[in-house]
2 protein chains.
Amino acid sequence: MKTDRIGSFLFLAVLLGACSGGEAPAMAEAGGDQATTTDQGEGPAIRAQAAALFKIVPAEPPKLPHNELTEEKVELGKMLYFEPRLSSSWLISCNTCHNLSLGGIDLMETSIGHGWQKGPRNAPTVLNAVYNLAQFWDGRAVDLAEQAKGPVQASVEMASDPERVVQTLRSIPEYRERFAKSFPGETEPVTFDNMALAIEAFEATLVTPGSPFDRWLAGDDAAMTAIQVKGLETFVSKGCTGCHAGVNFGGQGYFAFGVVQAPSDEIRPPEDKGRFAVTSTAVDEYVFKSPSLRNIELTAPYFHSGKVWSLAEAVSIMSSAQLGAVLTPEEVSAITVFLGALTGNQPEVEYPLLPPHTADTPLPDVSVPSAAAPH
Amino acid sequence: MKTDRIGSFLFLAVLLGACSGGEAPAMAEAGGDQATTTDQGEGPAIRAQAAALFKIVPAEPPKLPHNELTEEKVELGKMLYFEPRLSSSWLISCNTCHNLSLGGIDLMETSIGHGWQKGPRNAPTVLNAVYNLAQFWDGRAVDLAEQAKGPVQASVEMASDPERVVQTLRSIPEYRERFAKSFPGETEPVTFDNMALAIEAFEATLVTPGSPFDRWLAGDDAAMTAIQVKGLETFVSKGCTGCHAGVNFGGQGYFAFGVVQAPSDEIRPPEDKGRFAVTSTAVDEYVFKSPSLRNIELTAPYFHSGKVWSLAEAVSIMSSAQLGAVLTPEEVSAITVFLGALTGNQPEVEYPLLPPHTADTPLPDVSVPSAAAPH
């Protein structure tokens, strides 16, 4: 009987395309745990717990109270997201460090920007970032629009400034038209603020619904393997949800990194005190916004220092630093495999064609201030 | 009667979407030249001349004798084209310098690569490059596959090597599968040569049919403005076609830059002797493959040195350096406007999702040899 039900789930999963080849062996090996997913008619007990802690990523992007996601604005935002001429060198775009081919990040310890300079922190993914309570590791930007203005101006990133950006965009007729359509009724629609709003509008569409976990939470038992359900149970029972819950499995609050035990200086460099730089409050030393764990298997290396490449190692470090718990290798492995179930459908993006510059466009400047030597 | 015929052509052009808003004023201003386009029942005399000199870019990519363009291989090639992990830093892909958002180039004087190092020559466009007789400014690569291997290994570009690339690609299961499907029957399909063949297959699809000139050559009189036809006539009568003819308006032969008069040392740096480096033959000093003029209005700055940002200025320099002719400002302007008619439909590209690395993938190395200082 139990076997029959598992068989039906597998059959349904194949029909729905829900079972990936890579997961099948794990499911077979962990056959003894199947009871967990089939204990009750309404679904497993852990599902009710999970439903109280997490939310499914909606298929549609959220509505933003301050920024309507019109088709024109989202399309303009996409162009600006891929627009290297927002940087002074014409070489670096938002997509350079938040690459939509690669889970919305750059796979760097910390990003490399203008002049091959190394930035101070690991680039967080843009995917589902709209669901974070604030942006940057220290939450210093209230939303994606405010965030978008940061890297454009940072000397180690795009090394431009609002004046140059506006001059650039106004010099290109197609951008003038597109800003006018995206911000109708404004006397001068091409502004630095509107650039940021358009980018935010596009970024708000970069959500990843349809993860195995979300399908499982919606009632599809076969969407996660038994070992993944086991990993979820461990994730919940060990208290990981203290910082990683909600729709984004994180991104909803600020927490000290090293609540129980300070990580090594390599992983938590002493000079980066996190949110303390924003609030100047002693209690915020080494406090960071908890990162989202959505698509986490795609977004190595981990932590704000980017010093850890292995997800299993990151899970281990978290358990000792945050929970003071020593997890068994099996528990670490189960949580790690479960985190793989948080990878959703990646956004499908038609690569934009960018309009040509004109004689009025400020030309690229790849020069690097002499103080900013490469490493 | 003549007016009626022009009216009919315009009407047809509007129906076909052949008339762009931007061109209408030029046509109106140059109304006196309309006779040029309507002299004969079979089309203008210049069309017969043009048909003997040039060819329309076919809508379908060409067949390559050595490399079948299968769907699997083209898709794999697209992924590799956008794959930054072909570089040692994981930051630079083919698309970095041949950006498909920007006419297949990087809008740089000369490209910036690994460690923010500046390359020696301006990056030629990848668009329609399959129609060139050879690749690179000096023709040192016989085809796009051979070309693709160059930048991957160049220390100032992607700074990797075949061993690292193969190790990287073999470490990623999805790439192993895709290479096996793209090169069926091969015992070890993941090789550096096959990487290059896949990239070539994708690049061969990057053609730009449908330019105003091509539509005009096919019989649509309204596809070019009168001033553009005038520019074409000047282009032909002044002898520009000596180096810029065929399907690509260039790319079909090697020619001395400065046949009549050497350009300034800034535009033709004395240390770069062009094809001489390939053949070691004195007659090849300052000889280069003539670049294609397709999409030329998108691909500033111009010449192998990338020192000239204005297309009109480039036309002027060419006339004195190559033809020994002093063109009037009107002639320069007409040729420049005509060259704008060589911009075709840009390739539509779905931005690829790249598969995650594994524990076996060599990690990124952004370090720069100390000799290679930035500038």
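A residue counts as buried here when its relative accessible area is under 20%. With that in hand, let us walk through this predicted model, starting from a residue that fits the description well. B:Asp138 has a relative accessible area of 3%, so it is buried. Its partner is B:Arg121, and the two form a salt bridge in which the closest N and O atoms are 3.1 Å apart. B:Arg121 has a relative accessibility of 17%, and therefore counts as buried too.

B:Arg121 has another partner as well. Its side chain meets that of B:Asp272 in a salt bridge, with 2.8 Å from N to O. This pair links distant parts of the chain, 151 residues apart: B:Asp272 lies in the loop between strand S1 (254-256) and helix H12 (276-279) of chain B, and B:Arg121 in the loop between H5 and H6 of that chain. Both B:Asp272 and B:Arg121 are buried.

Now turn to chain A. There, A:Arg121, A:Asp138, A:Arg140 and A:Asp272 are linked in a network of salt bridges. One member of this network, A:Arg140, also has its charged end over the ring of A:Phe136, 3.7 Å from the ring centre. In chain B, B:Arg140 lies over the face of B:Phe136, again at 3.7 Å from the ring centre.

How many salt bridges are there over all chains? The count comes to 28. Among them is one between the side chains of A:Lys307 and A:Glu109, at 2.8 Å from N to O. It joins parts of the chain that are 198 residues apart: A:Lys307 is in the loop between S2 and H14 of chain A, while A:Glu109 is in the loop between helix H6 (94-97) and helix H7 (144-153) of chain A. Unlike the buried pair above, A:Lys307 is partly exposed, with a relative accessible area of 32%, and A:Glu109, at 25%, counts as partly exposed too.

Next come the aromatic rings. A pair of such rings is described by the distance of the centres and the angle of the planes. The structure holds 35 aromatic pairs over all chains. One of them is formed by A:Phe235 and A:Phe338, a tilted pair with 5.7 Å from centre to centre and 55° between the planes. Although 103 residues separate them, the pair brings together A:Phe235 in helix H12 of chain A and A:Phe338 in helix H15 (residues 329-339) of chain A. A:Phe235 counts as buried at 2% relative accessibility, and A:Phe338 is buried with a relative accessible area of 0%.

In chain B, B:Phe235 and B:Phe338 form a tilted pair, with 5.7 Å between centres and 55° between planes. B:Phe235 lies in helix H11 (residues 226-237) of chain B and B:Phe338 in helix H14 (residues 329-339), so the pair ties together parts that are 103 residues apart in sequence. Both B:Phe235 and B:Phe338 are buried. Rings from both chains also come together: A:Tyr81, A:Phe82, A:Phe202, A:Tyr351, B:Tyr81, B:Phe82, B:Phe202 and B:Tyr351 form one aromatic cluster.

A helix of chain A makes a good next stop. The buried residues of helix H9 (residues 173-182) are A:Tyr175, A:Phe179 and A:Ser182. They cover an arc of only 65° around the axis, which puts them on the same side of H9(A). Why might such spacing line residues up? An α-helix has 3.6 residues a turn, so residues three or four places apart point the same way. What covers the buried residues of H9(A) includes helix H5 (71-81), helix H8 (162-170) and helix H10 (192-204) of chain A.

The backbone has some details to look for as well. The peptide bond from A:Ala300 to A:Pro301 is cis, with omega near -5°, and A:Pro301 lies in the loop between strand S2 (287-289) and helix H14 (311-323) of chain A. A cis peptide bond also joins B:Ala300 and B:Pro301, with omega about -5°. A:Asn295, in the loop between S2 and H14 of chain A, has a positive phi near 60° without being a glycine. A:Phe249 is not a glycine either, yet has a positive phi of about 50°.

Finally, consider the cysteines. A search of the whole structure finds zero disulfides over all chains. For B:Cys97, the closest cysteine sulfur is that of B:Cys94, 9.1 Å away, and therefore too far for a bond.

Definitions and conventions:
Residues numbered from 1 in each chain as written. Chains lettered and ligands numbered in written order. Predicted model: local features only at pLDDT ≥ 70, side-chain atom pairs only at ≥ 80, totals over all residues. Heavy atoms only, no water. Disulfide = S-S within 2.5 Å. Helix = DSSP H or I, 4+ residues; strand = E, 2+ residues; numbered from the N terminus. Buried < 20%, exposed > 50% of the residue type's maximum accessible area, 1.4 Å probe, protein only. Arc of directions from axis to C-beta. Contact = heavy atoms within 4.5 Å. Salt bridge = Lys/Arg side-chain N within 4 Å of Asp/Glu carboxyl O. Phe/Tyr/Trp six-rings, centres within 6.5 Å; stacked < 30°, edge-to-face > 60°. Lys NZ or Arg CZ within 6 Å of the ring centre and 35° of its normal.
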